[in-house]
Protein chains: 2
Amino acid sequence: MAMQLTRAGEYAVKSLLYLASQSAEARTMASEVAAAEQIPVNFVRKILESLAKTGLVKSYRGAGGGFTLGRAPEQISMRQVIEAVEGPLALNQCLLPIPCAKAPDCPLCPVWQEAQQAVETVLERYSLADVVGKR
Amino acid sequence: MAMQLTRAGEYAVKSLLYLASQSAEARTMASEVAAAEQIPVNFVRKILESLAKTGLVKSYRGAGGGFTLGRAPEQISMRQVIEAVEGPLALNQCLLPIPCAKAPDCPLCPVWQEAQQAVETVLERYSLADVVGKR
């Protein structure tokens, strides 16, 4: 099944895990994240600026500027990071916010729905702090 | 997250659900499946011939020929159908049979692994008979 993170999703997860591994006050440059996680720096900057709009990241401009997490790494779930970049999880198009043409009679929707909720439950259970702690 | 069935996977599921809704002995033509499920007939034929190689489907040629399920619909899980067409489930490339470059130190692998197993568990729990019964 095609159930992979997009590249943007993967880079967002890695970038925020890197920020989570830094001290809470440290303002980290996009170039540092890029070097540590082997991600093109322009991609890192674009993702972090985008996440700054969601509150998951804080962006500080000018001299001494950089990025920090928007709140404690214990309070940011893997699900929040992935959905901030990729939108709501959807195993099948019939699970997008707009119901599929067959709903509510579609016999498959309840199966996808249950599979999706299972993934959401797992990704919600892990915070950035949990994952950084495994390193 | 990009976690959608491929079109081939979706068509395989729908085609086998249609066969599961027929009597066990009925040999169903690809054209009948195609009309009922609104799938291009060439696509149906290709998928069913391909699934015949896995044993999920039986193909009978010649006059009176057609397709049946390879075993009872209670004994074919959604997971088996999807994996027969799409290969093993993989939420992230690091879950493909070949480990990612970072394994076993990759902190993300255990999270993806757990999410993947959650999906597998759901899809394995539902047989074709379960889903047809919901119609």
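These are my notebook entries on a predicted model, written as I looked things up.

**Entry 1: chain A in outline**

I began by listing the elements of chain A. I found six helices and two strands there. Reading from the N terminus, I wrote down the order α-α-α-β-β-α-α-α. Chain A has 135 residues, and 38% of them are buried. I also looked at how far apart in sequence the contacting residues sit. Of the contacts in chain A with a separation of 6 or more, 60% join residues 24 or more positions apart.

**Entry 2: the core**

Next I asked which residues touch the most other members of the largest nonpolar core. That core has 75 residues, and the ones I was after are A:Leu16, A:Val81, A:Val119, B:Leu16 and B:Val81. I noted that the list has names from chain A and from chain B. As background, nonpolar side chains tend to be buried together in soluble globular proteins.

I picked A:Leu16 for a closer look. What is A:Leu16 in contact with, once neighbours within four places in sequence are left aside? I got A:Leu56, A:Leu69, A:Ile76, A:Val81 and A:Leu128. A:Val81 turns up again here, as a contact of A:Leu16 and as one of the core residues I had just listed.

**Entry 3: helix 1 against helix 2**

I moved on to helix packing, starting in chain A. Helix 1 of chain A covers residues 7–20, and its axis comes within 10 Å of the axis of helix 2 of chain A. The two axes cross at roughly 110 degrees, so helix 1 of chain A and helix 2 of chain A are roughly perpendicular to each other. On the helix 1 side of chain A, the contact is made by A:Lys14, A:Ser15 and A:Tyr18, and on the helix 2 side by A:Val33, A:Ala36 and A:Glu37. Sorting that contact between helix 1 and helix 2 of chain A by class, I got three nonpolar, one polar and two charged residues.

Then I looked up the pair in chain B. Helix 1 of chain B (residues 7–20) and helix 2 of chain B have axes that come within 10 Å and cross at roughly 110 degrees. Helix 1 of chain B and helix 2 of chain B are therefore roughly perpendicular to each other. In this pair, B:Lys14, B:Ser15 and B:Tyr18 of helix 1 of chain B meet B:Val33, B:Ala36 and B:Glu37 of helix 2 of chain B. The class split for the contact of helix 1 with helix 2 in chain B is three nonpolar, one polar and two charged.

**Entry 4: helix 2 against helix 3**

Back in chain A, I asked at what angle the axes of helix 2 and helix 3 of chain A cross. The crossing is at roughly 120 degrees, and the axes come within 8 Å. That makes helix 2 of chain A oblique to helix 3 of chain A, because the roughly perpendicular range runs from 65 to 115 degrees. Helix 2 of chain A passes helix 3 of chain A in a right-handed crossing. From helix 2 of chain A, I noted A:Ala30, A:Ser31, A:Val33 and A:Ala34 in the contact, and from helix 3 of chain A, A:Val41, A:Val44, A:Arg45 and A:Leu48. By class, this contact between helix 2 and helix 3 of chain A has six nonpolar residues, one polar and one charged.

A:Val33 caught my eye, since it belongs to the contact of helix 2 of chain A with helix 1 of chain A and to the one with helix 3 of chain A.

**Entry 5: Gln38 in both chains**

I checked the backbone angles between these helices. A:Gln38 is not a glycine, yet it has a positive phi of about 55 degrees. I placed A:Gln38 in the loop between helix 2 (30–37) and helix 3 (41–52) of chain A. Is A:Gln38 buried or exposed? A:Gln38 is exposed, because 8 other C-beta atoms lie within 10 Å, and the cut-off for exposed is 12 or fewer.

B:Gln38 also has a positive phi of about 55 degrees without being a glycine. B:Gln38 lies in the loop between helix 2 (30–37) and helix 3 (41–52) of chain B. B:Gln38 counts as exposed, with 8 C-beta neighbours inside 10 Å.

**Entry 6: the loop after strand 2**

Last, I looked at two loop residues. A:Arg71 is in the loop between strand 2 (66–69) and helix 4 (78–86) of chain A. A:Arg71 is partly exposed, with 14 other C-beta atoms within 10 Å. The C-alpha atoms of A:Arg71 and A:Gln22 are 13 Å apart, with their positions 49 residues apart along the chain.

In chain B, I found B:Glu74 in the loop between strand 2 (66–69) and helix 4 (78–86). B:Glu74 counts as exposed, having 12 C-beta neighbours inside 10 Å. What does B:Glu74 touch, not counting residues up to four places away in sequence? B:Glu74 touches B:Ser127 and B:Ala129. I also noted that B:Glu74 and B:Leu128 are 54 residues apart in sequence and 6.3 Å apart in space, C-alpha to C-alpha.

Key. Residues are numbered from 1 along each chain as its sequence is written. Chains are lettered from A and ligands numbered from 1 in the order in which they are written. This is a predicted model: local features need pLDDT of at least 70, side-chain atom pairs count only at pLDDT 80 or more; totals for chains, interfaces and linings use all residues. A nonpolar core is a set of buried Ala, Val, Leu, Ile, Met, Phe, Trp, Tyr and Cys residues joined through C-beta atoms within 7 Å. A residue is buried if 20 or more other C-beta atoms lie within 10 Å of its own, exposed if 12 or fewer, and partly exposed in between; C-beta atoms are placed from the backbone. Two residues are in contact if their C-beta atoms, placed from the backbone, lie within 7 Å. Helices (H or I, at least four residues) and strands (E, at least two) are DSSP runs, numbered from the N terminus. Axes are lines fitted to C-alpha atoms, for helices over the stretch in contact, and angles run from 0 to 180 degrees between N-to-C directions. Angles under 35 degrees count as roughly parallel, over 145 as roughly antiparallel, 65 to 115 as roughly perpendicular and the rest as oblique. A crossing is left-handed if the near helix is turned anticlockwise from the far one by less than a right angle, and right-handed if clockwise. Ala, Val, Leu, Ile, Met, Phe, Trp, Tyr, Cys and Pro count as nonpolar, Asp, Glu, Lys and Arg as charged, and the others, Gly among them, as polar.
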